[in-house]
Amino acid sequence: MSEYPKTVTLKDGLKVLMDVKRQENIEQSRIFFTSMPPEDRLYLRRDVTSQKVLEERARELADGRAFRLATYVNDEMIGEANLDRPLYGWTRHVAEMRVVVARQHQGKGVGKALIREIFSNAVRLKYTIVEANVIEEDTKVLDLLERIGFHREGVLRNQAMDFYGKKHNIVVMSFNVDDMWKDLSEYYHSFEIYKT
Ligand SMILES: CC(C)(COP(=O)(O)OP(=O)(O)OC[C@H]1O[C@@H](n2cnc3c(N)ncnc32)[C@H](O)[C@@H]1OP(=O)(O)O)[C@@H](O)C(=O)NCCC(=O)NCCS
């Protein structure tokens, strides 16, 4: 964890501070989430403006069920990446990631920087599958994840209900880290064969 906090320079030269959340600052998260437009919050799994959810998020971080990174500009939180970490059970090798960026800072590369960083932390924490559950209408995120190398595992029909009561399909996207190492080792191996 010694690499954090670190400064990340984005494409327009904006410098953001990225740090691990060691404990949840409920007030700071409340300000961040309540200032998001409802159409962005629609894509989030839970109503992150509710006190109950904010408190549950703090517990998840405290007891190790979540790992979080946040980005800041002048001490203001402008983005967050979350990794849900199952500690035991069937899916203990599968971590689920979620990323959210404040509207006024979207489109500057903050989301990509957070995804890159949370993904490398998932690998560091020895998860071999990284998953993202995305609402089918969130095409921006689906395209981005596919470009990074995530695959569509399947669609859970009508399994998400937004705060208006409307149901949406969830697209389960996953990245298999073992497959990535296998592909890389085959790639290097092919060079060795070429050399001999
Ligand atoms: C999804 C989200 C995290 C992306 O954050 P961001 O900081 O805007 O992302 P980036 O600036 O790094 O852009 C990532 C990609 O999104 C796409 N993108 C960015 N802004 C866009 C826009 N205004 N319109 C369409 N696509 C856009 C681009 O493909 C971009 O990749 P590129 O730069 O290689 O072309 C952010 O839009 C968000 O918080 N949305 C609401 C919550 C959400 O949907 N979270 C995902 C749940 S997993």
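This passage describes the strands, two of the helices and the ligand surroundings of a predicted model.

The strands at the start of the chain are considered in order. Strand β1 (residues 6-9) and strand β2 run antiparallel and are joined by 4 bridges, and within this pairing the bridge partner of Val-8 is Val-16 in β2. The two strands form a hairpin with 5 residues between them, and in the turn Gly-13 has a positive phi of about 90°. Strand β2 (residues 15-20) is in turn joined to β3 by 4 bridges, again with the strands running antiparallel. In this second pairing, Met-18 has Thr-71 of β3 as its bridge partner, while Val-20 stands opposite Leu-69, also in β3.

Strand β3 (residues 66-73) is mostly covered, since 6 of its 8 residues are buried. Besides its pairing with β2, β3 pairs with β4 in the antiparallel sense over 8 bridges. Thr-71, the bridge partner of Met-18, stands opposite Gly-79 in β4. A hairpin with 2 residues between the strands is formed by β3 and β4, and Asn-74, which lies in the turn, has a positive phi of about 45°.

Within strand β4, attention may be given to Ala-81. This residue has 26 C-beta neighbours inside 10 Å and therefore counts as buried, the cut-off being 20 or more. When its neighbours within four places in sequence are left aside, Ala-81 is in contact with Arg-68, Leu-69, Met-97, Val-99, Leu-114, Ile-115, Glu-117 and Ile-118. One of these contacts, Leu-69, is the residue of β3 that stands opposite Val-20. By comparison, Asn-25 is separated from Ala-81 by 56 residues in sequence, and the C-alpha atoms of the two residues are 15 Å apart in space.

Two helices are described next. In helix α1 (residues 26-34), the residues Ser-29, Phe-32 and Phe-33 are buried. Viewed down the axis of α1, these buried residues fall within an arc of 90°, so they line one face of the helix. An α-helix has 3.6 residues a turn, so residues three or four places apart point the same way. The buried residues of α1 pack against α3 (51-62) and β4 (76-84), whereas the face turned away from the buried side carries the exposed residues Glu-27, Ile-31 and Thr-34. For helix α3, which has 12 residues, a rise of 1.5 Å a residue leads to an expected span of 16 Å, and the end C-alpha atoms are 17 Å apart, which agrees with that expectation. Just after α3, Gly-64 takes a positive phi of about 85°.

The surroundings of the ligand complete the description. The ligand is surrounded by 20 residues, of which the closest are Tyr-43, Gln-106, Gly-107, Gly-111 and Lys-112. The elements that contribute two or more residues to this shell are the strands β5 (94-101) and β6 (129-135), together with the helices α4 (110-124) and α5 (139-148). In terms of residue character, the shell around the ligand divides into 9 nonpolar, 4 polar and 7 charged residues.

Key
Residues are numbered from 1 along each chain as its sequence is written. This is a predicted model: local features need pLDDT of at least 70, side-chain atom pairs count only at pLDDT 80 or more; totals for chains, interfaces and linings use all residues. A residue is near a molecule or strand if its C-beta atom, placed from the backbone, lies within 6 Å of it. Ala, Val, Leu, Ile, Met, Phe, Trp, Tyr, Cys and Pro count as nonpolar, Asp, Glu, Lys and Arg as charged, and the others, Gly among them, as polar. A residue is buried if 20 or more other C-beta atoms lie within 10 Å of its own, exposed if 12 or fewer, and partly exposed in between; C-beta atoms are placed from the backbone. The arc is that of the directions from the helix axis to the C-beta atoms. Two residues are in contact if their C-beta atoms, placed from the backbone, lie within 7 Å. The expected span of a helix is 1.5 Å times one less than its number of residues. Two strands pair if DSSP finds at least two bridges between them.
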